[in-house]
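Notebook open, coffee poured. I want to get my bearings before going into detail.

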Amino acid sequence: MSKAHFQIAVIGSGFAGSLTAMMAHRLGFSTALIERGRHPRFAIGESSTPLANLLLEEIALEYDLPFVRPLCKWGTWQKKLPQLACGLKRGFTFYHHEWGRPFAPDPERRRQLLVGASPNGEIADTHWYRPDFDHYLVESAQKLGVTYLDETELSSISDEPGGMRLAGKRHGQSVKITAEFVIDATGPRGCLFSALGLPEKRFAAFPRTQGLFSHFRNVRPLPEDFTAGQTPPYPPEQAAVHHVFPGGWIWVLKFNNGITSAGVAASERIARGLDFKSGEAAWERLLEQLPSLAEIFDESEAVAPFVSTPMLAFRSRVVSGSRWTLLPSAAGFVDPLLSTGFPLTLLGIARLGRLLRQHWQRPSFHSQLEACSRLTLLELDAAARLVGALYATMDRFDLFKQLSLLYFAAASFSETARRLRKPQLADSFLLCRHPVFGRQLRNFCAAARRPLSSREAAQLNQDIRQAIEPYDVAGLTDNNRHPWYPALSADLSRNAPKLGASEPEIAALLRRCGFRNM
Ligand SMILES: Cc1cc2nc3c(=O)[nH]c(=O)nc-3n(C[C@H](O)[C@H](O)[C@H](O)COP(=O)(O)OP(=O)(O)OC[C@H]3O[C@@H](n4cnc5c(N)ncnc54)[C@H](O)[C@@H]3O)c2cc1C
């Protein structure tokens, strides 16, 4: 039997658990990282964003994790860690499909939206090939000195006066661990949620959705006619590609090892109709109804078992107790749409780091932990509100596009504020605590869920555009660009006053980040 005491026990060694454990170790805590499975292993959740990569970089710098830094950009990743597979992500690509009809490109691009996130490949975002990415991080954690216990099945966790007690088995031997604080990084409906019998609270105004996904080989490129012979702001497949249809959407993410991640998230009505539980057969039934996608996948083969998730969204009612907390990724999950999972998780990790650094064993610890937990739920709710409104408008693509721009405006404003070292200008995901933007976001999402006449929908479109304008640092309100938005340095320079920044400050920022339009 092995028995041990740690100040901090992190359960779950996905990227979030390993990062958190390394952060705690760097802060001087004795730290254990406990994993049920074994790396390398399949994991879903792959597409990063500019904000997520910036947060990852900030964590790497703040906690002296230099081996994490190359992973924050495509260029450095390729130079320093080419052995870890990943995908190049220059932006977010959306195509709108109708059931039973081939995708119809039109010169006015009514059925598409392309939002560039980086001006060149060098500083672009990535899709993380999680078997490699997570394995690298867990190995790095071990090298740093974190105690790692994989293949450990925890059978009981209790919050007792002397500390948290964890008991289970590893390789047939009993394991007993006591910890002063436990951090759950096991994902939705995870370890502490089950062990402590925490209550779930569904997201308000969010549809019931299901997911079905796998990894594939031999996925064809998008047909050239998707761009109707015009030159897009970036190659549309070097992106998170979203194929939206009424009631759901398919993601397609290409890695540089020949593997493509693809899957569908859809309303329960669609998922039941296609019987997502049946895995590959359901995937084929779905593609039969989306002929352009059927062509792209017609020679593909799944290289991992299909995973079906009957309840995709999840929200715990409670996020922390006196001696434990759930990371945001264990506290809730909305949907892969807009890749909100990584930034929400990384924001939570960064806050937890500050909490441990500044308040550990101080009387303020519990009130600060509660404040972090409230913010976690507020941010998850804001993401759910927006993605819920997007589900409600998947058959009204004009409105869907405009609502998406709320996300892109808030994300680019927040990223730039942080890069200018003015994080106080954007202290919450989707600016949900911002007194003006936060309220407008709530109102627009509520309005978009209602049935609207075409006049009302056009008015809402217009209202959203106006509301975005004061925060738009990325040319998203320039009607001449719609619906192709390149990432241009000139937009940041022009919009410097919105961030209270001077042009030289923006120029310095652009130089620091390698932001050059090529
Ligand atoms: C279908 C889908 C697509 C997504 N796509 C995106 C995306 O494109 N972009 C994005 O930003 N986010 C996405 N997400 C969200 C993203 O997956 C999560 O934010 C991310 O995986 C969180 O990482 P993690 O390390 O917390 O959890 P995970 O990657 O889930 O890792 C949890 C770890 O905990 C271990 N574990 C589980 N239970 C126990 C236990 N009882 N004891 C010990 N160990 C345990 C598991 O084995 C695993 O290794 C997606 C989510 C889903 C469901």
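First, a term for the loops I'll be naming: helices (H or I, at least four residues) and strands (E, at least two) are DSSP runs, numbered from the N terminus. I'm looking at a predicted model, where local features need pLDDT of at least 70, side-chain atom pairs count only at pLDDT 80 or more, and totals for chains, interfaces and linings use all residues. Residues are numbered from 1 along each chain as its sequence is written.

**Entry: the cis prolines.** I looked up P483 and found it in the loop between helix 14 (454–468) and strand 20 (484–485). The bond joining H482 and P483 is cis, with omega about 0 degrees. A second cis peptide bond runs from H39 to P40, omega near -5 degrees. P40 sits in the loop between strand 2 (31–34) and helix 2 (50–62). I noted these because most peptide bonds are trans.

**Entry: overall build.** I counted 16 helices and 20 strands in the chain. The radius of gyration (over C-alpha atoms) is compared with a globule rule of 2.2 Å times the number of residues to the power 0.38. The chain comes out at 22 Å, close to the 24 Å the rule gives for 518 residues, so it is as compact as a globular protein of that length. Its C-alpha atoms fill a box of roughly 70 × 55 × 45 Å along the principal axes.

**Entry: domains.** I have three, with bounds from an automatic or database domain assignment: domain 1 (2–82 + 130–202 + 315–359), domain 2 (86–128 + 207–309) and domain 3 (392–513). The centres of domain 2 and domain 3, over C-alpha atoms, are 24 Å apart. How many residues of each are in contact? I get 18 from domain 2 and 15 from domain 3, where contact means C-beta atoms, placed from the backbone, within 7 Å. On the side of domain 2 that touches domain 3, strand 5 (112–116) and strand 12 (239–245) each give two or more residues. Strand 5 has the largest share there, five residues.

**Entry: the ligand.** Where does it lie? Domain 1 and domain 2 both give residues to the shell around the ligand, so it lies between them. There are 33 residues around the ligand, and G12, G14, G45, G341 and F342 come nearest; a residue is near if its C-beta atom, placed from the backbone, lies within 6 Å. Helix 1 (15–26), strand 11 (209–217) and helix 10 (341–359) each give two or more residues to this shell.

**Entry: the core.** I call a residue buried if 20 or more other C-beta atoms (placed from the backbone) lie within 10 Å of its own, exposed if 12 or fewer, and partly exposed in between. By that count, 51% of the 518 residues are buried. A nonpolar core is a set of buried Ala, Val, Leu, Ile, Met, Phe, Trp, Tyr and Cys residues joined through C-beta atoms within 7 Å. The largest one has 172 residues, and L386 is one of those with the most contacts inside it. Helix 12 (residues 397–419) gives the largest share of this core, 13 residues. Neighbours within four places aside, L386 is in contact with L403, L406, Y407, L430, L441 and C445.

**Entry: positive phi.** E151, in the loop between strand 7 (147–149) and strand 8 (152–160), has phi near 45 degrees. Buried or exposed? E151 has 12 C-beta neighbours inside 10 Å, so it counts as exposed.

Terms used. Contact = placed C-beta atoms within 7 Å.
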